[in-house]
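Student: Could you take me through the aromatic ring pairs in this model, one step at a time? I'd like the geometry and the cut-offs behind each label.

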Amino acid sequence: MKLFVSEGNPHCLKVLAALEVTGVQCDVQYVNHEVRVVPFLSRPALPALLLPSGEHLFSSNAICQYLFEVSGQGSSELCSQWLEWEATDLQPALLQALHMAVLQGKGSEVSKVLQGPLNHLEQSLSKGKTQCLTGEAVSVADVVLGAALYPVLSDSSLALSEHKCVKAWFDQHSFQSAVQKVLQGKGLQGLKSYMQRQPAPHISQCSDARPCNSNPAEGEEGERVVSEEEMEAAALTWSKSLNASPLATDRQHPILPQEGKRNVLVTSALPYVNNVPHLGNIIGCVLSADVFSRYGRLRGWNLLFVCGTDEYGTATENKAREEGLTPQQICDKYHAIHTSIYKWFQIGFDFFGRTTTEKQTEIAQNIFWRLHKHGFLMEDTVEQLHCEKCQRFLADRFVEGICPQCSYPEARGDQCDKCGRLINAVELREPQCKVCRQTPVIRSSKHLFLDLPKLETQLEQWLDKSTSEGDWTANAKQITRSWLRDGLKPRCITRDLKWGTPVPHPDFKDKVFYVWFDAPIGYLSITANYTDKWERWWKNPRQVELYNFMAKDNVPFHSVVFPCSLLGAQDNYTLVNHLIATEYLNYEDTKFSKSRGLGVFGDMAKDTGIPSDVWRFYLLYVRPEGQDSAFSWADMATKNNSELLNNLGNFINRAGMFVAKFFEGCVPAMELQQEDKKLLALVGWELQQYIQHMDKVKIRDSLKHILNISRHGNQYIQVNEPWKKIKGGDTEKQRAGTVTGVSVNVACLLSVMLLPYMPTVSQTIRDQLNAPQSCINTMLQGTGTFVCTLSAGHRIGTVSPLFQKLEVDQIEALKKRFGGQQTTAQNAGSAEPAAVPAPAAPVAPAKGDPEKAKQLTQAVAEQGEKVRALKAQKAEKAVITAEVAVLLDLKKQLTLAEGKSPEPAPQKGKKK
């Protein structure tokens with residue numbers, strides 16, 4: 001047998017230690033890190049063991065296991081488990097720690113990175129009665145883990161001695177011969193040569209106990225294998241010239257579908273006009289749609305992006321009543337607020353309109369009459385809840401009670417948030433008006449219904465085609481299927497309100513359209529207010545692809561109700577091809593709440609002093625694509641300081657500064673070597689992955705490939721050290737020039753890939769590099785084209801840092817500012833569940849306090865939403881119980897504020 005190893009390679013330390021412990025006779029040959037020992041691999045793989053059969057083993061753990069087996073010491077199942085843990089859990093953290101200690105001089109931070117794995121090892125050793133991992137004798141697991149940890153545990157400067165059991169276990173193992181051969185008596189610095197050739201590792205720092213906001217790339221293996229063919233292909237692409245025809249920056253309006261082009265219509269869910277959007281609203285709809293729209297334009301698609309405020313309905317009436325304004329005044333006020341917020345966030349709508357327009361009335365009534373003509377509407381007398389005190393019929397969101405299906409105590413008048421069943425408000429047990437808390441009475445009223453059962457077959461045929469051919473997110477498909485599972489029911493499309501699109505039928509002249517029949521038609525009317533040729537977009541399914549962006553709560557109305565309206569109208573309407581729904585973004589470990597001052601709302605973000613591009617970056621970094629995620633101030637600071645400042649910004653700034661400092665501001669000549677071609681291939685692959693993910697609207701996943709490129713670039717600069725080579729002879733100076741030229745071209749590519757995410761930063765980079773406009777429409781064509789944009793002799797502009805560090809005190813101040821008035825119950829997620837408040841003593845009736853009652857009404861609504869969210873998330877029973885107790889207490893306070901006597905809560909016995 002022959003074992004190939006290299007000095008300074010920590011993986012070689014493991015196999016040499018195994019050789020030392022087992023005493024197996026083997027020829028050991030020391031080779032350079034870059035030597036390819038295994039003939040069928042396209043990259044170096046050390047250590048490698050050549051077996052007598054001529055086969056190779058090139059996994060350090062597999063080699064160690066083989067050596068132990070040859071010596072007659074087989075490995076147990078427990079050994080195998082430890083080896084798997086070492087490879088999947090310990091190694092990623094260990095490589096991160098070594099990178100920080102050896103290359104970055106951040107030894108003080110190593111303990112933080114290794115805390116999780118060392119805690120696990122400490123707990124396992126403390127439970128055992130032996131000094132070894134799998135029994136009385138030293139096993140392959142002890143050797144592999146001991147040798148892997150040797151470089152860090154043997155260095156006293158890293159302060160890792162707090163784990164007593166780990167220390168006692170480590171001290172009994174001695175691999176001095178192996179250590180001397182690999183580290184050469186240099187300690188950690190003996191690994192430097194090897195570490196400089198490795199990709200910068202990036203692992204998740206998330207605690208197991210919290211939702212993870214990590215980059216999807218974190219935790220993955222490092223550098224992918226690049227073949228010779230890939231390198232040569234990348235070098236060939238690099239040598240191609242830029243696209244001669246620059247992309248038009250001034251778009252000609254109105255934008256209309258064109259024959260032979262990919263015509264893409266993008267909508268984001270219309271935000272309610274009566275509230276200021278918070279960060280969750282922004283990432284769920286408009287920001288995600290904006291990123292995809294900017295990307296589509298870069299790809300050369302003929303794309304139109306429309307949105308607007310949803311202004312009709314009960315919520316607007318109620319807000320007007322609260323503020324003492326008319327509904328129209330409320331709409332005008334908040335439409336301006338929304339417009340201002342989206343402008344600051346750089347949302348690039350082609351048109352941002354509103355639903356309170358004549359076009360809305362015209363188009364909605366036309367669809368209504370077509371549905372009526374084709375027999376898809378039906379009349380029925382509806383028993384509705386009517387509040388005698390408020391003198392009005394109660395819309396769905398203004399009544400709550402006990403669900404008739406699952407007995408959830410806070411079901412809304414249209415749907416139960418716990419079991420998801422659609423319900424009629426009159427079916428609620430113990431209903432209450434959410435405005436005044438009075439018990440409503442039942443009254444009859446005649447209404448019109450969309451006959452969904454008649455349209456169900458058409459809908460399912462269309463859904464089968466759209467969901468199979470288009471890009472629908474998994475949650476959109478799941479929510480839609482859940483609606484269809486039990487069969488569709490007729491759905492009421494009229495309401496007894498004043499503020500809405502009037503129903504044109506003479507028998508229903510005092511009614512308006514229900515907002516979820518009316519609101520999606522806003523996409524059409526907003527487009528009609530943009531161009532009188534709107535039908536070329538909305539009645540053109542042959543030429544137009546429609547993308548809808550929304551949060552998951554809006555899915556049924558876009559996948560079932562609205563498509564049924566358009567199918568029933570039988571007017572060749574364009575139906576959604578791609579339905580993109582996000583999960584929810586929470587604030588820290590709770591929900592956004594304007595009334596309690598919890599969370600950042602759109603009009604507050606600009607007052608933080610943090611640029612909008614940084615806000616965009618972080619929201620997209622934690623975009624809730626597959627599961628709920630959370631905004632965290634500490635995490636935002638970490639991502640800004642590590643990913644933007646130290647990774648992306650550091651690479652782009654260094655590349656530009658090298659040109660300015662060493663080459664008088666002109667890009668130097670470049671003579672590509674294999675190492676440069678390898679970087680081009682790696683960058684080209686990341687670009688291809690970026691395009692593939694963006695085409696599928698995997699916006700968060702695409703972002704990781706931008707950051708991976710800058711990591712590759714930083715590593716490339718670090719290994720080649722152009723600041724040293726520029727001081728050497730002609731050959732070394734030429735090498736410094738090549739590295740600098742390639743790096744600054746990678747920076748140019750990054751500016752293009754960043755444009756959908758951070759438009760201002762993207763423009764700043766291109767200004768600093770004086771990049772030609774044609775670079776924008778060259779890089780993202782086809783599957784991705786990384787060409788040399790800044791050729792030798794190109795003069796760049798003035799280079800300056802792109803990002804600023806977010807300091808701890810700055811972040812703490814912001815966290816406190818937006819932390820709201822925290823109640824005891826909001827700490828219910830801590831280690832000790834909040835205690836259930838004791839029953840209050842009887843209180844004598846008091847005079848009502850209208851102002852306090854108003855505040856408490858809002859607090860009750862907010863707390864009710866929180867309880868619903870906890871139950872939906874299947875939180876621990878103790879946590880839910882605590883929050884329900886707070887809700888009941890708030891309701892008692894509300895009763896007192898209204899001048900009523902609180903009634904004792906009925907005692908509920910357990911069901912058998």
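Tutor: Here is a walk through the ring pairs, followed by the charges that sit over rings. A quick note on the ground rules: this is a predicted model, where local features need pLDDT of at least 70, side-chain atom pairs count only at pLDDT 80 or more, and totals for chains, interfaces and linings use all residues. Residues are numbered from 1 along each chain as its sequence is written, and side-chain values use heavy atoms, with hydrogens and water left out.

Rings of Phe, Tyr and Trp (its six-membered ring) are paired if their centres lie within 6.5 Å; planes under 30 degrees apart are called stacked, over 60 edge-to-face, and the rest tilted. That rule gives a count of 31 aromatic pairs. Take Phe292 and Phe549: the ring centres are 5.8 Å apart and the planes make 45 degrees, so this pair is tilted. Phe292 belongs to helix α10 (residues 279-298) and Phe549 to strand β17 (residues 544-551), so the pair ties together parts that are 257 residues apart in sequence. Helices here are DSSP runs of H or I with at least four residues, strands are runs of E with at least two, and both are numbered from the N terminus.

How exposed are those two rings' residues? Buried means under 20% relative accessible area, exposed means over 50%, and partly exposed is in between (1.4 Å probe, protein chains only). Phe292 is buried at 0% relative accessibility, and Phe549 is buried too, with a relative accessible area of 1%.

Next comes Phe368 with Phe513: their ring centres are 5.5 Å apart with planes at 50 degrees, so they also make a tilted pair. Phe368 sits in helix α13 (residues 358-373) and Phe513 in strand β16 (residues 512-513), so parts 145 residues apart in sequence are tied together by this pair. Phe368 counts as buried at 0% relative accessibility, while Phe513 is buried with a relative accessible area of 3%.

Back to Phe292 and Phe549: ring pairs link them with Tyr295, Trp301, Tyr547 and Tyr690 into a cluster. One cluster member, Trp301, has Arg262 over its face, at 4.0 Å from the ring centre. The test for a charge over a ring is that NZ of Lys or CZ of Arg is within 6 Å of the ring centre and within 35 degrees of the ring normal. Lys552 gives another case, with its charged end over the ring of Tyr584, 4.6 Å from the centre.
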